[in-house]
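Here are some exercises to work through with the model open on your screen. Try each task yourself before you read the solution.

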Amino acid sequence: MIPVLKKGKNKTKTLSYRPISLTSCVCKTMERIVNQRLQLYLESESIIVPEQAGFRQHRSTEDQTTHLSQVIEDAYQAQKVTLATFIDLQKAFDKVWKDGLLVKLLRSGVKGNMYQWTKSYLHNRKARVLVDGHCGRKVLLRQGVPQGGVLSPTLFILFINDLVPELPKGVQAALYADDLVLWCSED
């Protein structure tokens with residue numbers, strides 16, 4: 001892994017860096033193949049909730065903000081009040097529970113070679129940090145999906161996919177990867 005300084009952050013603090021996984025071209029190519037197949041399956045089976053726009057074709061943050069703006073305008077015209085809260089899930093990719101993600105893959109109908117390959121991809125991952133040409137010791141990564149991994153965004157949005165259906169009645173949501181807005185409109 002190489003640490004990449006986050007924009008506008010203090011370079012003397014370790015939390016100011018994003019760990020990016022460096023993998024071989026062969027591994028990246030395989031990840032792309034698996035990711036395309038997994039995305040095709042998830043989209044064709046309508047598994048990912050429509051409220052999720054992150055890392056999906058033909059969807060964007062502009063769609064989400066336009067929708068929320070229209071909801072607010074409609075509520076205003078109906079003399080209602082819209083309450084909204086914006087949530088950024090910090091270090092979200094690093095906190096993915098791998099075994100829970102595997103269960104969600106199975107529940108989504110992902111099985112066979114796709115499931116086995118993904119399980120192998122996630123488990124027994126070891127990393128070391130490279131800074132100024134010096135490598136640290138290898139450490140077993142117990143949770144999370146690889147930062148910078150081609151497959152990671154798709155796995156992450158599947159991991160949080162069941163969040164929206166669990167919301168209370170009347171609460172709506174829009175997601176863009178690990179950014180979430182929840183709102184409701186009332187008299």
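Helices and strands here are DSSP runs numbered from the N terminus, a helix having at least four residues and a strand at least two. With that in hand, Val 145 can be placed in the loop between strand E7 (139-140) and H5. Please keep in mind that this is a predicted model.

**Exercise 1. Get your bearings**

Task: Find how many helices and strands the protein has, and in what order they run.

Solution, step by step:
- Start with the count: the protein has five helices and nine strands.
- Next, walk from the N terminus, and the order reads β-β-α-α-β-α-α-β-β-β-β-α-β-β.
- Then look at the overall extent: the C-alpha trace spans about 60 × 45 × 25 Å along its principal axes.
- Now turn to burial, where 33% of the 187 residues are buried.
- Finally, check the record: an unreviewed UniProt entry places the feature "domain: Reverse transcriptase" at residues 1-187. That span is 35% helix and 20% strand, and its end C-alpha atoms lie 51 Å apart.

**Exercise 2. Classify the aromatic pairs**

Task: The structure holds three aromatic pairs. Take Phe 93 with Phe 156 and work out how the rings are arranged.

Solution, step by step:
- A pair of aromatic rings is described by the distance of the centres and the angle of the planes.
- For Phe 93 and Phe 156, the centres are 4.8 Å apart and the planes make an angle of 20 degrees, so this pair is stacked. The cut-off to apply is that planes under 30 degrees apart count as stacked.
- Now locate the partners: Phe 93 is in the loop between strand E3 (81-88) and helix H3 (98-107), while Phe 156 is in helix H5 (residues 152-159), so the pair ties together parts that are 63 residues apart in sequence.
- Both Phe 93 and Phe 156 are buried.

Task: Do the same for Trp 117 and Tyr 121.

Solution, step by step:
- The ring centres of Trp 117 and Tyr 121 are 5.2 Å apart with 15 degrees between the planes, and this pair is stacked.
- Both residues belong to helix H4 (residues 112-122), four residues apart, which is about one turn of the helix.
- Burial differs between the partners under a cut-off of 20% relative accessible area for buried: Trp 117 is partly exposed at 23%, and Tyr 121 is buried at 6%.

**Exercise 3. Charges over rings**

Task: Which ring does Arg 125 lie over, and which ring does the charged end of Lys 104 sit over?

Solution, step by step:
- Arg 125 lies over the face of Tyr 121, 4.7 Å from the ring centre. Tyr 121 is also the stacking partner of Trp 117.
- The charged end of Lys 104 sits over the ring of Phe 159, at 4.5 Å from its centre.
- Return to Val 145 from the opening: the C-alpha atoms of Val 145 and Arg 125 are 9.6 Å apart in space, with these positions 20 residues apart in sequence. Val 145 counts as buried, at 4% relative accessibility.

**Exercise 4. How the helices pack**

Task: Describe how H1 is oriented to H4 and to H5.

Solution, step by step:
- Two packed helices are described by the angle between their axes and the distance between the axes.
- The axes of helix H1 (residues 25-44) and H4 come within 12 Å and cross at roughly 130 degrees. H1 and H4 are therefore oblique to each other, and their crossing is left-handed.
- H1 and H5 have axes 9 Å apart and an angle of about 30 degrees. Angles under 35 degrees count as roughly parallel, and H1 and H5 are therefore roughly parallel to each other. Their crossing is left-handed.

**Exercise 5. Positive phi in loops**

Task: Where do Ser 46 and Asp 132 lie, and are they buried or exposed?

Solution, step by step:
- Most residues other than glycine have a negative phi, and most peptide bonds are trans.
- Ser 46 has a positive phi, near 50 degrees. Ser 46 is in the loop between H1 and helix H2 (61-77) and is exposed at 60% relative accessibility.
- Asp 132 also has a positive phi, of about 50 degrees. Asp 132 lies in the loop between strand E5 (130-131) and strand E6 (134-135), and is exposed with a relative accessible area of 73%.

Methods: Residues numbered from 1 in each chain as written. Predicted model: local features only at pLDDT ≥ 70, side-chain atom pairs only at ≥ 80, totals over all residues. Heavy atoms only, no water. Phe/Tyr/Trp six-rings, centres within 6.5 Å; stacked < 30°, edge-to-face > 60°. Buried < 20%, exposed > 50% of the residue type's maximum accessible area, 1.4 Å probe, protein only. Lys NZ or Arg CZ within 6 Å of the ring centre and 35° of its normal. UniProt positions renumbered as here; feature names shortened; annotations may be inferred. Axes fitted to C-alpha atoms, helices over the stretch in contact; angles between N-to-C directions. Parallel < 35°, antiparallel > 145°, perpendicular 65-115°, else oblique. Left-handed = near helix turned anticlockwise from the far one by under 90°.
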